[in-house]
Amino acid sequence: MADERGVISRTKAWLVYRSGPLAGTRYQLSEGGLHIGRSPENDVVVQGPEAATVSAQHLEISRDGEHWRIRDLGSTNGTYLNGEKIGEAELCPQAVVQLGTLGPEFVFLLEEPAPSELEQTLVIPQGAFPIESPGAPEVQPEGHEALLLDAVRRARRARIEGLGGQTMTLMRDVVNLAVARSSRRFKIAIYLLAAALVVTSAYGYRKIQLLKAEKAAIDQRIEEIEKRLERAAETPEERDKLIAELDAYQGQAETLQHNLLYRIGGGYKESFVIEQIHALMSEFGAESYSVPPEFAASVNSEIRRYQGPDRAKMELAFGRDAAKIAAMRRILEQQKLPPDFAYVPLVESAFAARPASTAGAAGPWQFTPVTARTYGLEVEGGVDERYNLEKSTLAACGFLRSLLLDFGTGSSVMLALAAYNLGPTKVKQVILRSVKDPIKQRNFWYLYRVRALPEETREYVPKVFAAIIIGRNPQHFGF
């Protein structure tokens with residue numbers, strides 16, 4: 001398309017990775033737009049650890065006349081533009097796009113024509129320069145017009161002499177000369193603009209440092225509260241007061257974390273395992289700014305166990321049992337459930353076809369006969385469908401769906417995992433016995449912090465987390 005001066009506009013739009021191992025990777029936006037998500041049919045396919053908060057079809061960017069627009073495609077964890085969750089919005093240069101609150105980040109850029117593109121014939125409006133005719137008196141242009149005309153003549157002469165690559169150098173020289181010849185008022189304006197830019201940059205830097213210091217102070221207070229809760233020395237009333245204080249500090253920290261200046265300043269990087277825990281929590285709808293240190297320590301402990309004494313189980317999961325896990329992931333995804341639940345049988349049975357346990361549980365998902373029959377499996381005489389991978393996985397999907405609907409709070413997936421281990425009836429009894437505020441306290445993290453759940457269940461959820469984290473990042477953990 002051409003602007004009013006007759007110069008063809010070739011401005012390019014780019015999306016640039018801002019985070020993770022692909023930081024700096026550029027994707028040019030075409031007229032057909034651009035799609036981002038986990039599925040391979042997207043233009044930008046997000047894989048590996050960063051895919052934790054990314055939906056199969058997460059967002060699209062499309063052209064709207066002279067502008068570009070971004071639209072969330074009903075993603076699970078949302079799309080954020082400059083720290084604000086959006087459904088659809090216009091993209092401006094330097095805008096930061098993030099997939100989920102902890103997902104990969106991109107920067108939207110507009111790029112002016114490259115120097116090579118500027119080495120084209122200039123389209124000059126009629127009347128910009130006088131046309132020389134034989135016998136006519138030579139008109140001597142003055143001021144900036146004379147400078148520009150001289151530059152054009154020099155550029156033409158350079159092309160004739162085979163020095164076409166000198167155009168940009170000639171233009172830069174003429175601009176410098178124009179500035180040198182400018183009026184005193186114009187020079188003062190330039191100096192004032194430069195001074196304002198320095199002041200603004202200094203203010204931004206100072207503001208970033210203040211935000212970081214404020215967040216560090218909040219993080220220190222959160223750590224102190226978590227340690228007090230871990231010691232479990234307070235009365236129930238004091239404990240609830242501490243948790244209310246913890247929630248308030250977490251809210252402040254999350255607000256700071258989404259501040260654009262804080263994000264530009266680089267923020268604070270957690271350890272790899274903590275980042276993975278946060279990513280899973282976000283995907284499971286159990287987002288929490290602070291992970292209880294005891295929970296994180298349990299996940300790390302289970303990871304070390306899989307790397308050491310139980311390494312054979314994990315190696316089988318990546319070898320002999322890989323096809324089973326892949327089949328279960330497909331079924332879970334078809335049933336609109338987290339595909340990473342395929343690692344629950346690794347924790348439950350390690351896929352071993354052993355006889356029923358003392359409690360009567362059997363099969364990869366460790367169903368008791370009563371639960372198996374409730375969800376459509378045949379367990380009679382010589383027939384036991386608990387050992388059938390496809391049928392038992394479909395039954396597990398029914399059971400998990402029931403648990404998710406039953407414990408439908410912000411951290412329903414976490415509570416569902418606890419209920420899968422402990423049983424839904426016992427989890428309900430724990431909630432009735434421990435929860436005073438059904439709005440703020442009916443969630444997994446509250447029950448974990450106040451030690452309302454039995455020790456086996458407190459250890460079970462970190463085991464599942466550890467298996468999923470290794471499953472997503474086998475090379476990082478030496479598999």
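Where does K336 lie? In this predicted model, K336 sits in the loop between α10 and α11. The backbone there does something a bit unusual to look at: K336 isn't a glycine, yet its phi is positive, at about 60 degrees. With a relative accessible area of 73%, K336 is exposed.

That loop also holds D340, placed between α10 (322–334) and α11 (344–348). Is D340 buried or exposed? Its relative accessibility is just 4%, so D340 counts as buried, the cut-off being under 20%. As for partners, the D340 side chain makes a polar contact with the side chain of R329, at 2.8 Å. Leaving aside residues up to four places away in sequence, D340 touches L280, E283, R329, I468 and R472. R329 thus turns up both in that list of contacts and as the polar partner of D340.

Moving on to the strands, there's an open sheet of five, running in the order β4-β3-β5-β6-β9, and the pairing is mixed. The edges belong to β4 (44–45) and β9 (88–91); each has a single partner strand, so one side of each goes without a neighbour in the sheet. In general, strands of a sheet pair through backbone hydrogen bonds, in either a parallel or an antiparallel sense. For β6 (residues 67–72) and β9, the pairing is antiparallel and spans four bridges. Within that pairing, W68 stands opposite L91 of β9.

What comes after β9? Q94 has its place in the loop between β9 and β10. Here's another residue other than glycine with a positive phi, this time near 75 degrees. Q94 counts as exposed, with 54% relative accessibility against a cut-off of over 50%.

On the far side of that loop is β10 (residues 96–99), which pairs with β7 (residues 79–81) in the antiparallel sense over three bridges. T79 stands opposite L99 in β10. Which residues cover the two sides of β10? V96 and Q98 lie on one side, V97 and L99 on the other, and all of them are buried, so both faces of the strand are covered. The split into two sides goes with a general pattern: side chains in a regular strand alternate between the two faces of the sheet. L99 therefore has two roles in this description, being buried on its face of β10 and standing opposite T79.

Note on methods. Residues are numbered from 1 along each chain as its sequence is written. This is a predicted model: local features need pLDDT of at least 70, side-chain atom pairs count only at pLDDT 80 or more; totals for chains, interfaces and linings use all residues. Side-chain values use heavy atoms; hydrogens and water are left out. Two strands pair if DSSP finds at least two bridges between them. Buried means under 20% relative accessible area, exposed over 50%, partly exposed in between (1.4 Å probe, protein chains only). A polar contact is a pair of N or O atoms within 3.5 Å; within protein, one must be able to donate a hydrogen and the other to accept it, and residues adjacent in sequence count only if both atoms are side-chain atoms. Contact means heavy atoms within 4.5 Å.
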